[in-house]
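Let's take a walk through a protein model and look at how its charged side chains pair up. After that, we'll see how two of its helices pack together.

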Amino acid sequence: MALFSQTPTQNASRTRPESVSKRLVREHKEVLMSSWKRLWKAPLANLLTWLTLAIALALPAALMLLLSQASHLGQQVNQSSHISVFLSLDTTHEQGLLLSTELAKRTDIANVSYLSATQALAEFKSSSGLEDILSSLIENPLPATLLIEPTNSFLGPDAIDKLTQQLREQDNIDQVLVDMAWLDRLQSILAISQRFTYSLALLLALGVLLVVGNTVRLHIESRKEEILVIKLVGGTDAYLRRPFLYAGFWTGLFSAIIAWIILQLGVIYLHQPLLWLAQSYQSDWQLQGLSWMGSFCLIFTSCSLSVLGAGLTVRRQLNLIEPK
Amino acid sequence: MISFEQVSKKYHEKNALANASFHLQRGTMAFLTGHSGAGKSTLLKLIMLMAHPTSGKVIVDRQDLSQLNRAQVPAHRRKIGLVFQNHQLLMDYSVFDNVALPLKISGYNERDSGRRVRAALDKVGLLDKERLSPQTLSSGEQQRIGIARAIVNKPKLILADEPTGNLDPALSAEIMRLFQQFNQVGVSVLIASHDLELIQRLPHPVIALNQGRISGSASLMGH
Ligand SMILES: Nc1ncnc2c1ncn2[C@@H]1O[C@H](COP(=O)(O)OP(=O)(O)OP(=O)(O)O)[C@@H](O)[C@H]1O
Ligand SMILES: [Mg+2]
């Protein structure tokens, strides 16, 4: 009667009772390991799932990476942009110089270079090739020009708008030209791409949930017998859920790792053409790979989505399996 | 240990169990007999909360089962060792892991669980088969693995549905002796069986079912 003769108290004295938290930690560790081992029982099927999820993750992640860095590019390019201010023709050389030194004091202006009417004409002559015709003119038809470089922190479209508005109200200023159109366009393209990326990310996140959910459903289906027996010997729902949640965690982790590799390969592939594009805008911008933070976000998102997908499915599916 | 009060269970308007009332005292070993389809398995399922009565009250270990909510069902089942009619072993588990399952879900550590599993396997005489797959065992051996799994957690109550169905008379008698041993240390045992010959030789009360009705309960109160 070795099995039944010992009373519970005797049993407790033979093995030191384990605290609840210690027991939970041990149980979770066991499930972590057993779910890890289970992964390699069907490596090909798992790999296919991971690849599917990795693609779904890599796509929005790549777009986000590109966007976050492209808005950076937009700012850098903008730094080389000027505001051209044409003074009225009756402005004297002294007035022009005074205006330029006054404007240079403004906080939103980094630098002002003054181009007198004579200088402007000389430059135009040399660049236009119309030297002869222009020399025959008695009066200089060109105004003096101020080239204004805004301060870095005042490069946003609103600040530039405000600045040009104020410049227009100044005496002696005839015309203010900002080449803002392309910046506006870039801004709206970025805004559109951003919304597109977010919607895509949302849809693909849903896709991840569904794929993981379906995988878990099949997984549960294939272990139906085991689940029935576990329910009959008194396994709790939490106990039954655990291996599937951990499987979800592993799925998320491996998918994220594959997505990360896809992303880095993509960055390497795109690096050169993007460099050319940036250089054509006189920018030293380069496409960077995922930062530590970015990599962490990718892995965290992937794991949470997977565990969530598993959790949402497992509850429902386990309820469907009841011993009859 | 078990009380049925006017319990009926209907499947598709047909009574599998009709107005069944009986009381099994704590520490008693009893048999449940009846023809095939009499409602033996149904009665055991009601105790296991695998089914719920259409009417009437089932009380196990002073607990009215209708009062238990979903989350309390596992704890209730852990109190009971169940030997299945079709033994329900997991073929991709080893014999050892099958028997260890009730311990594993209760969070036993490996050392304690290993000791208990071996004690249980020793009881049913299959200690040397612990590493094998149940598939490689005879049905009698599989049945005994099922019994080892039911007793490994030292339940207060053992329910067995045709535990000797696949066994020869000698082995059947051996298994019955095993149940008697558990009973002697205070475990309540309820065994569904239609092996009348075997039952009549043993001095235990009998609950006889006929078409879902209790037709007799010979010496149930232990006289
Ligand atoms: N899940 C179910 N759905 C419908 N009918 C059922 C269900 N379970 C049992 N029954 C019916 O209830 C009656 C009693 O079945 P039960 O399994 O309790 O009989 P039994 O006494 O265990 O028979 P056996 O000795 O053959 O195992 C039978 O007529 C059976 O058809
Ligand atoms: Mg039956």
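## Charged partners and a pair of helices

Start with Glu27(A), which is buried, with a relative accessible area of just 6%. Keep in mind that this is a predicted model. Who does this tucked-away acid team up with? One partner is Arg23(A), whose side chain meets that of Glu27(A) in a salt bridge, 3.6 Å from N to O. Both residues sit in helix α3 of chain A, which covers residues 20–39, and because they are four residues apart there, about one helical turn separates them. Arg23(A) has a relative accessibility of 30%, so it counts as partly exposed, since that class lies between the 20% and 50% cut-offs.

Glu27(A) has another partner as well: its side chain forms a salt bridge with Arg242(A), at 3.4 Å from N to O. Arg242(A) belongs to helix α11 of chain A (residues 237–280) while Glu27(A) is in α3, so this pair ties together parts that lie 215 residues apart in sequence. Both members of this pair are buried.

Now hop over to chain B. There, the side chains of Lys129(B) and Glu141(B) meet in a salt bridge of 3.4 Å, N to O. Lys129(B) is in the loop between α4 (110–123) and α5 (139–151) of chain B, and Glu141(B) is in helix α5 itself, so the bridge ties together parts twelve residues apart in sequence. Glu141(B) counts as buried because its relative accessibility is 15%, and the cut-off for buried is under 20%.

Salt bridges can also join up into a network, as happens with Lys231(A), Asp237(A), Glu322(A) and Arg70(B). Searching the whole structure turns up 16 salt bridges over all chains.

Two members of that network, Lys231(A) and Asp237(A), bring us to a pair of helices. Two packed helices are described by the angle and the distance between their axes. How do the axes of α10(A) and α11(A) cross? Helix α10 of chain A spans residues 224–232, and its axis comes within 10 Å of the α11(A) axis, crossing at roughly 150°. That angle makes α10(A) roughly antiparallel to α11(A), because the cut-off for that label is over 145 degrees. The crossing is right-handed.

Which residues touch here? From α10(A) come Ile227(A), Ile230(A) and Lys231(A), and they meet Asp237(A), Tyr239(A), Leu240(A) and Phe244(A) of α11(A). Sorted by type, the residues of this contact are five nonpolar and two charged, with no polar ones.

Technical notes. Residues are numbered from 1 along each chain as its sequence is written. Chains are lettered from A and ligands numbered from 1 in the order in which they are written. This is a predicted model: local features need pLDDT of at least 70, side-chain atom pairs count only at pLDDT 80 or more; totals for chains, interfaces and linings use all residues. Side-chain values use heavy atoms; hydrogens and water are left out. A salt bridge is a side-chain nitrogen of Lys or Arg within 4 Å of a carboxyl oxygen of Asp or Glu. Buried means under 20% relative accessible area, exposed over 50%, partly exposed in between (1.4 Å probe, protein chains only). Axes are lines fitted to C-alpha atoms, for helices over the stretch in contact, and angles run from 0 to 180 degrees between N-to-C directions. Angles under 35 degrees count as roughly parallel, over 145 as roughly antiparallel, 65 to 115 as roughly perpendicular and the rest as oblique. A crossing is left-handed if the near helix is turned anticlockwise from the far one by less than a right angle, and right-handed if clockwise. Contact means heavy atoms within 4.5 Å. Ala, Val, Leu, Ile, Met, Phe, Trp, Tyr, Cys and Pro count as nonpolar, Asp, Glu, Lys and Arg as charged, and the others, Gly among them, as polar.
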